[in-house]
Amino acid sequence: MSEPIWTPAPERVAASSLMRFAEFVRREHGAPPGNYDALWRWSVDERERFWASMMDFAQILRDSPVIRWEMGIAFFSMDDIVAAGRNPAIVSTNPATGSG
């Protein structure tokens, strides 16, 4: 399949969260201008700057405990989510005990 079955209107693209994020990282974190591929390449080449910019854009608090995964990505505690006034997007349970 070479043709997309749907393409959003330019106004919808311009108002998307991805475009707001792209504009934010260019302005605040020095990401290069360009299209999605340029933003993706920057996120891969500048991984620490990308995740710092993601935390700034999402307004995630940095002063609470974090869980670190092997790739160096930080995932934040419920304190961050509650303090930011957001509903949790991911809920985890332990399959062995059934508890969170």
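## Helix α3, its surface patch and the aromatic cluster

W40 lies in helix α3, and in this predicted model the residue counts as partly exposed because its relative accessibility is 43%. Together with L18, Y36 and V44, W40 makes a nonpolar surface patch of about 420 Å². Helix α3, which spans residues 36-45, gives the most to this patch, with 3 residues.

The overall architecture comes to 5 helices and 2 strands, and read along the sequence these elements follow the pattern α-α-α-α-β-β-α. Of the 100 residues of the protein, 17% count as buried. The accessible surface comes to about 8100 Å², and 58% of that surface belongs to carbon and sulfur atoms. Among contacts between residues at least 6 apart in sequence, 23% join residues at least 24 apart.

Confidence should be considered before any detail is read. The mean pLDDT of the protein is 76, with 59% of its residues reaching 70 or more. Among the elements, α3 has the highest mean pLDDT, at 93, whereas strand β1 (residues 66-68) has the lowest, at 48. Over residues 67-71 the pLDDT stays under 50, and for this stretch the model has 7 contacts beyond four places in sequence. Where pLDDT is low, the predicted coordinates should not be read in detail.

How many aromatic pairs does a search of the whole structure find? The search finds 5 such pairs. One of them joins F21 and F50 in an edge-to-face arrangement, with 5.9 Å from centre to centre and 85° between the planes. This pair links distant parts of the chain, since F21 belongs to helix α2 (residues 17-29) and F50 to helix α4 (residues 47-58), 29 residues apart. F21 counts as buried because its relative accessibility is 6%, and F50, at 13% relative accessibility, is likewise buried.

The rings of F24 and F57 have their centres 5.5 Å apart and their planes at 50°, so this pair is tilted. Here too the pair links distant parts of the chain, with F24 in helix α2 and F57 in helix α4, 33 residues apart. F24 counts as buried at 15% relative accessibility, whereas F57, at 29%, counts as partly exposed. Taken as a network, ring pairs link F21, F24, W42, F50, W51 and F57 into a cluster.

Charged side chains add a further set of interactions, and the count comes to 3 salt bridges. Their partners and nitrogen-to-oxygen distances are set out below.

| Salt bridge | Distance, N to O |
|---|---|
| E28 and R27 | 3.2 Å |
| R41 and D45 | 2.9 Å |
| R49 and E46 | 3.7 Å |

The bridge between R41 and D45 falls within one element, as both residues lie in helix α3, 4 residues apart, or about one turn of the helix. R41 counts as partly exposed at 38% relative accessibility, and D45 is also partly exposed, with a relative accessible area of 49%.

In the bridge between E28 and R27, is R27 buried or exposed? R27 counts as exposed because its relative accessibility is 57%, while its partner E28, at 48%, counts as partly exposed. For the remaining bridge, R49 is partly exposed at 35% relative accessibility, and E46 is partly exposed with a relative accessible area of 31%.

Key: Residues numbered from 1 in each chain as written. Predicted model: local features only at pLDDT ≥ 70, side-chain atom pairs only at ≥ 80, totals over all residues. Heavy atoms only, no water. Patch = residues over 30% accessible without salt bridge, like charges linked within 9 Å, V, L, I, M, F, W, Y side chains within 5 Å. Areas by Shrake-Rupley, 256 points an atom, 1.4 Å probe, with all protein chains shown as cover. Salt bridge = Lys/Arg side-chain N within 4 Å of Asp/Glu carboxyl O. Buried < 20%, exposed > 50% of the residue type's maximum accessible area, 1.4 Å probe, protein only. pLDDT = per-residue confidence, 0-100. Contact = heavy atoms within 4.5 Å. Phe/Tyr/Trp six-rings, centres within 6.5 Å; stacked < 30°, edge-to-face > 60°.
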